Amino acid sequence: MEKVGLIGVDAPELDQAPWGEQARDALKALVDGKTVRLETDITVRDQDKRVLAYVYAGEMLVNLELVRQGQAVIYTVPPN
């Protein structure tokens, strides 16, 4: 499975305890066991070769839901 970077948000890294683990767990709760749809934008990969995408679980935009839950902040990097 490829790694995915969430477009439009910034979440703590795993080594930023305890927030990184909390953000990971929140993301896992939103997508685990579900079919997700990835929607890319102008830039498809970042410098770390991750696919950059808006992630949908059903009709829910996961990127936005993480912000709503306080697990990520809005962060845009043009051109996406």
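Start with the whole protein chain. For its 80 residues, a compact globule would have a radius of gyration near 12 Å; the chain has 12 Å, so the two agree. Keep in mind that this is a predicted model.

Stay zoomed out. Along the principal axes, the C-alpha atoms fill a box of roughly 30 × 25 × 25 Å. Show the surface next. About 5700 Å² is exposed, and carbon and sulfur atoms supply 54% of that area. Buried residues make up 28% of the 80 residues.

Switch to cartoon. You should find two helices and six strands. Trace them from the N terminus: the order is β-β-α-β-β-β-α-β. Now turn on contacts. Among those with a separation of 6 or more, 56% join residues 24 or more positions apart.

Select residues 19–31, which form helix α1. Its 13 residues, at 1.5 Å a residue, should span 18 Å; the end C-alpha atoms lie 19 Å apart, which agrees.

Which residues of α1 are buried? Colour G20, A23, A26 and L30: these are the buried ones. They sit on the same side of α1, because they cover an arc of only 130 degrees around the axis.

What do the buried residues of α1 pack against? Add three selections: β4 (51–57), β5 (60–61) and α2 (62–68). Two strands and a helix thus come into view.

Last stop: G33. This glycine follows α1. Check its backbone: phi is positive, near 80 degrees.

Notes: Residues are numbered from 1 along each chain as its sequence is written. This is a predicted model: local features need pLDDT of at least 70, side-chain atom pairs count only at pLDDT 80 or more; totals for chains, interfaces and linings use all residues. Side-chain values use heavy atoms; hydrogens and water are left out. Helices (H or I, at least four residues) and strands (E, at least two) are DSSP runs, numbered from the N terminus. The expected span of a helix is 1.5 Å times one less than its number of residues. Buried means under 20% relative accessible area, exposed over 50%, partly exposed in between (1.4 Å probe, protein chains only). The arc is that of the directions from the helix axis to the C-beta atoms. Contact means heavy atoms within 4.5 Å. The radius of gyration is taken over C-alpha atoms; the globule rule is 2.2 Å times the number of residues to the power 0.38. Accessible areas come from the Shrake-Rupley method with a 1.4 Å probe; for residues, only the protein chains shown count as cover.
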